[in-house]
Amino acid sequence: MQNRALDRRQFIQGSSCAAAVGFGFRSVLGAAPPKPKLRFGLVTYTWGHDWDLPTLIANCEKTGVLGVELRTTHAHGVEPTLNDKQRQEVRRRFKDSPVELVGLGSNDDFHHPDQARLRASIASAKAFVKLGHDVGG
């Protein structure tokens with residue numbers, strides 16, 4: 001038997017054929033294709049960083065992006081400085097939408113040798129955890 005390594009192109013072609021055959025058998029047997037376990041989501045780190053919250057939610061709804069992580073310091077304005085009424089409004093906006101607030105992203109890190117900076121990062125992270133709870137993330 002000859003030992004022959006597959007290159008990337010051959011592997012992809014073979015995998016694609018196997019998948020097509022598998023889906024073909026499923027359709028012949030009348031089985032529905034499996035529902036995807038993963039959905040496409042968005043982190044506002046790059047995309048959507050300049051959209052206010054209503055625009056962000058509307059754009060996600062229109063494009064079928066139904067999960068979003070809001071990063072800090074972006075135009076949506078979901079920050080620990082929000083008061084209780086503003087936090088309830090953010091929660092309501094997501095509740096009234098098919099878009100799920102998956103979570104919040106902060107700029108905190110925990111590797112500072114300077115203890116004052118480290119304590120400030122920990123305090124900020126705690127504020128984001130509370131904000132996430134309050135807005136339904």
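**Notes on helix α3 and its neighbours**

1. Let me start inside helix α3: Arg-92 and Glu-89 are 3 residues apart there, which puts about one helical turn between them. The two form a salt bridge, with 2.5 Å between the closest N and O atoms. Please keep in mind that this is a predicted model. As for accessibility, Arg-92 counts as partly exposed at 39%, and Glu-89 is partly exposed too, with a relative accessible area of 29%.

2. Glu-89 has another partner in the helix. Arg-93 forms a salt bridge with Glu-89 as well, and here the closest N and O atoms are 3.3 Å apart. This pair also sits within α3, at a spacing of 4 residues, again about one turn of the helix. Arg-93 has a relative accessibility of 29%, so it counts as partly exposed. Which residues end up in one network through shared salt-bridge partners? They are Glu-89, Arg-92, Arg-93 and Asp-96.

3. Now for a pair that reaches out of α3. Over the whole structure, the search comes up with 5 salt bridges. One of them joins Asp-134 to Arg-87, with the closest N and O atoms 2.8 Å apart. Asp-134 belongs to helix α4 (residues 115–135) and Arg-87 to helix α3 (residues 84–95), so this salt bridge ties together parts of the chain that are 47 residues apart in sequence. Is the pair buried or exposed? Asp-134 is buried, and Arg-87 is buried as well. Side chains of opposite charge can pair when their charged atoms come close.

4. The helices carrying that pair also pack against each other. The axes of α3 and α4 are 8 Å apart, and the angle between them is about 55°. That angle falls outside the roughly parallel, antiparallel and perpendicular ranges, so α3 and α4 are oblique to each other. On the α3 side the contact uses Arg-87, Val-90 and Arg-91, and on the α4 side Lys-130, Leu-131, His-133, Asp-134 and Val-135. By class, that contact comes to 3 nonpolar, 1 polar and 4 charged residues. Note that Arg-87 and Asp-134, the salt-bridge partners, are both among the contact residues.

5. Gln-88 is worth a look here too. It is found in helix α3 and, at 56% relative accessibility, counts as exposed. Along the chain, 46 residues separate Gln-88 from Asp-134, yet the C-alpha atoms of the two are 7.2 Å apart. Gln-88 is exposed, then, whereas Asp-134 is buried.

6. How do α2 and α3 sit relative to each other? The axes of α2 (residues 53–63) and α3 come within 11 Å and cross at roughly 15°. The angle is under the 35 degrees used as the limit, so the two helices are roughly parallel. The crossing of α2 past α3 is right-handed. Leu-53, Pro-54 and Ile-57 make the contact from α2, while Val-90, Arg-93 and Phe-94 make it from α3. Those residues divide into 5 nonpolar, no polar and 1 charged.

7. A couple of α3 residues turn up more than once in this note. Val-90 takes part in the contact with α2, and Val-90 is also listed in the contact with α4. Arg-93 meets α2 and, within α3, forms its salt bridge with Glu-89.

8. One backbone oddity to check by eye: Thr-73. This residue is not a glycine, but its phi is positive, at about 65°. Most residues other than glycine have a negative phi. Where is Thr-73 placed? The residue lies in the loop between β2 (67–71) and α3. With a relative accessible area of 61%, Thr-73 is exposed.

9. Last, the overall picture. The protein chain has 4 helices and 3 strands, and from the N terminus on the order is α-β-α-β-α-β-α. Of the 137 residues, 26% count as buried; Asp-134 and Arg-87 are both buried. Taking contacts between residues at least 6 apart in sequence, 68% of them join residues at least 24 apart. The salt bridge between Asp-134 and Arg-87 likewise bridges a stretch of sequence, so it links parts 47 residues apart.

Key. Residues are numbered from 1 along each chain as its sequence is written. This is a predicted model: local features need pLDDT of at least 70, side-chain atom pairs count only at pLDDT 80 or more; totals for chains, interfaces and linings use all residues. Side-chain values use heavy atoms; hydrogens and water are left out. A salt bridge is a side-chain nitrogen of Lys or Arg within 4 Å of a carboxyl oxygen of Asp or Glu. Buried means under 20% relative accessible area, exposed over 50%, partly exposed in between (1.4 Å probe, protein chains only). Axes are lines fitted to C-alpha atoms, for helices over the stretch in contact, and angles run from 0 to 180 degrees between N-to-C directions. Angles under 35 degrees count as roughly parallel, over 145 as roughly antiparallel, 65 to 115 as roughly perpendicular and the rest as oblique. A crossing is left-handed if the near helix is turned anticlockwise from the far one by less than a right angle, and right-handed if clockwise. Contact means heavy atoms within 4.5 Å. Ala, Val, Leu, Ile, Met, Phe, Trp, Tyr, Cys and Pro count as nonpolar, Asp, Glu, Lys and Arg as charged, and the others, Gly among them, as polar.
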